[in-house]
Amino acid sequence: MGTSASINIFDFLIHLDPFDLLPKQVVESLASSVTVKYLAKGECIEFYSMCEKRYLYVIRKGAIEQRTQINKLRARLGEEDQFGFTFLEPLKEAEDGYRAEAIEDSLLYLIPHANIQETCEMHPEFKDYFAATAKTRLHSAIRSIVNKEEKSLFFRTVGEVASENITVSDYYDSIMDVAKAMCGKRRSSCAVVLKGREIVGLVTDRDMTQHVVAQGVDTQRPIHEVMTRNPILINSEDKVIQAISLMLQYNIRCLPVIANHEVKAY
């Protein structure tokens, strides 16, 4: 079957949910693709949306804490737990900006996303497990936030609490013009891009840093070349708790608020 290491990995995976749902030869193939990573206590793995190499992480030994950009605990995971579910399309940006920190010496199995995606396509029950697990963790994170804050706030409408300091730009505006508008009197961390009356994109201050400045893009180019297309939106009459759910699920910091088909806030 391969090296003694891959045999040991296979013996571990074949009894682990959801790998136990797969044919033996598929698990053997996944085991042979595994990279083994050791993290000493206190060491971290940083996650970014622009990472080219992505993995499903399986904790063989030890314990890991997932923390957000502002150091809030997202999840505490132990042996046999898994993280790195961004091979699921709705969660492809969900790891951006968070880190996984070893709270004790830990041994991880890293399975390339390409191999996981191929397995998901061939075995839907395998993908269903990860989708259900990701949803459970999302709901847990939401409950944690609600329990720490004033519950009444979360059942107010988005329109009541949203900021009206949002920049609205045209599809053909230059990157420079949009950046200046975002830094104007009503400073905004994001700009909604319209084509006619249709909302077609979104640009954040982080986009300007990562995709314009860092990439050396000509700021006279039109904004639509660097915008995020088909942004997630929310209606002004929706509840704050719904907005939190969307922002956690897609790991977004800017959620434009719509009223009567027009952008009103974020």
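This passage describes strand pairing, charged side chains and one cysteine in a predicted model. Residues are numbered from 1 along each chain as its sequence is written, and local features need pLDDT of at least 70, side-chain atom pairs count only at pLDDT 80 or more, and totals for chains, interfaces and linings use all residues. Side-chain values use heavy atoms, with hydrogens and water left out.

Strand 6 (residues 99–112) pairs with strands 1, 2 and 3; strands are DSSP runs of E of at least two residues, helices are runs of H or I of at least four, and both are numbered from the N terminus. Two strands are taken to pair if DSSP finds at least two bridges between them. Strand 1 (residues 35–39) runs antiparallel to strand 6 and is joined to it by five bridges, with Thr-35 partnered by Leu-110. Between strand 2 (residues 44–46) and strand 6 there are three bridges, also antiparallel; here Cys-44 has Glu-101 as its bridge partner. Strand 3 (residues 55–67) is antiparallel to strand 6 over eleven bridges, and Val-58 stands opposite Tyr-109.

The model contains four salt bridges, each defined as a side-chain nitrogen of Lys or Arg within 4 Å of a carboxyl oxygen of Asp or Glu. Glu-65 and Arg-67 form one of them, with their closest N and O atoms 3.1 Å apart. Buried denotes under 20% relative accessible area, exposed over 50%, and partly exposed the range in between (1.4 Å probe, protein chains only). Glu-65 is buried because its relative accessible area is 8%, and Arg-67 is likewise buried, at 17%. These two residues and Arg-76 are linked in a salt-bridge network. Glu-101, the partner of Cys-44 in strand pairing, also meets Arg-99 in a salt bridge (3.5 Å, N to O); Arg-99 is buried at 19%. In the salt bridge of Arg-221 with Glu-225, the N to O distance is 2.6 Å. Arg-221 is partly exposed at 38%, as is Glu-225 at 42%.

A surface patch of negative charge comprises Glu-43, Glu-79, Glu-80, Glu-104 and Asp-105. Such patches are made of residues with over 30% relative accessible area and no salt bridge, like charges being joined within 9 Å; the place of a charge is CG of Asp or CD of Glu. Asp-105 belongs to strand 6 and is partly exposed, with a relative accessible area of 45%.

Cys-254 is located in the loop between helix 8 (240–250) and strand 12 (257–259). Its relative accessibility is 6%, so Cys-254 counts as buried. Cys-254 and Cys-190 are 64 residues apart along the chain, and their C-alpha atoms are separated by 6.7 Å.

Conventions
Patch = residues over 30% accessible without salt bridge, like charges linked within 9 Å, V, L, I, M, F, W, Y side chains within 5 Å. Areas by Shrake-Rupley, 256 points an atom, 1.4 Å probe, with all protein chains shown as cover. Lys, Arg positive; Asp, Glu negative; His and termini not counted.
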